[in-house]
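Here is a short tour of one protein chain, written to be read with the structure open beside you. Take a moment to load it and turn it around first.

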Amino acid sequence: MEYFYFIFLAVAVFCTYRYMYKDWSLKMKMITASTFLTAGLFLLLTGARYTSPYCCLLFAGLAASFIGDYTLKFNAFGMKGLPGIISFATAHILYISAFAVRVPLTKNTLWLLIPWGIIVTFFVWLGTKKIKINFAGTGPAILVYAMIICVMVLLGLRAGIAVAAHGGIKTLQAIALCIAVVSFMASDCGVCMQMFGSAPDVYIGKHKLNFDRFSSVTYFGAQILLAASMML
């Protein structure tokens, strides 16, 4: 039954392409987002994964991300996109919880979060002062969100590396998890530049890529790979 996942993957690739190049609408965005949510639901309900706290938390994170895709267009308390930021922060907290369940935390892991928080604070300051990203009143929410997603990436990489180190059939899914969390962070950087920056494009070598398209392909790719990590 797990091979059906690749059908969802193919549909996600098609929908992402259509969203990026054919139909840049909220409706198409939500249709595309439904592919990773449906893939997650399918995997959750097969192989008795609904009994796994890891899989349940991961699916809840996918659902919160799906909600965030819609609510990111709204503002609240003078903060641009605040409802979406809250939804995605909730998703990342659920992902963090899932990774902690899959590979339990140790004291050494918790100590790593302190310098990580300092690094995040520095880069948010750098974006404000040097890159001229105008967070306006959303700055405090962005800082908290940045710290949360960085913890998610750290624990996701830790979980993926720990599983891959044991070898076996789950190595591919573990690698997919590592790629997913890094891609998610790259996507959020693109969304940040899109929402608060002044430049509409990013350069990868000599190639110019629109921030909208960059953040879309990395985001939807990250989510469909996160769904696949239920097979860990």
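The report below starts with the chain as a whole and then turns to one helix and the loop after it.

## The whole chain

Please keep in mind that this is a predicted model. The chain holds 8 helices and 2 strands. Read from the N terminus, the order of elements is α-α-α-α-α-α-α-β-β-α, with the two strands sitting just before the last helix.

## Packing and surface

Of the chain's 232 residues, 47% are counted as buried. Take the contacts with a separation of 6 or more: 73% of them join residues 24 or more positions apart. As for the outside, the chain exposes about 11800 Å², and 73% of that area comes from carbon and sulfur atoms.

## Helix H2

Helix H2 covers residues 26-45, which is 20 residues. At 1.5 Å a residue, H2 should span 28 Å, and its end C-alpha atoms are 28 Å apart, so the expected span and the model agree.

## Where H2 ends

Follow the chain out of H2 and you come to Thr46, in the loop between H2 and helix H3 (53-71). Is Thr46 buried or exposed? Its relative accessible area is 13%, and buried means under 20%, so Thr46 counts as buried.

The side chain of Thr46 also has polar partners. It reaches the backbone oxygen of Phe42 at 3.0 Å, and a polar atom of the Thr46 side chain lies 3.3 Å from the backbone oxygen of Leu43. Gly47, also just after H2, takes a positive phi of about 65°.

Terms used. Residues are numbered from 1 along each chain as its sequence is written. This is a predicted model: local features need pLDDT of at least 70, side-chain atom pairs count only at pLDDT 80 or more; totals for chains, interfaces and linings use all residues. Side-chain values use heavy atoms; hydrogens and water are left out. Helices (H or I, at least four residues) and strands (E, at least two) are DSSP runs, numbered from the N terminus. Buried means under 20% relative accessible area, exposed over 50%, partly exposed in between (1.4 Å probe, protein chains only). Contact means heavy atoms within 4.5 Å. Accessible areas come from the Shrake-Rupley method with a 1.4 Å probe; for residues, only the protein chains shown count as cover. The expected span of a helix is 1.5 Å times one less than its number of residues. A polar contact is a pair of N or O atoms within 3.5 Å; within protein, one must be able to donate a hydrogen and the other to accept it, and residues adjacent in sequence count only if both atoms are side-chain atoms.
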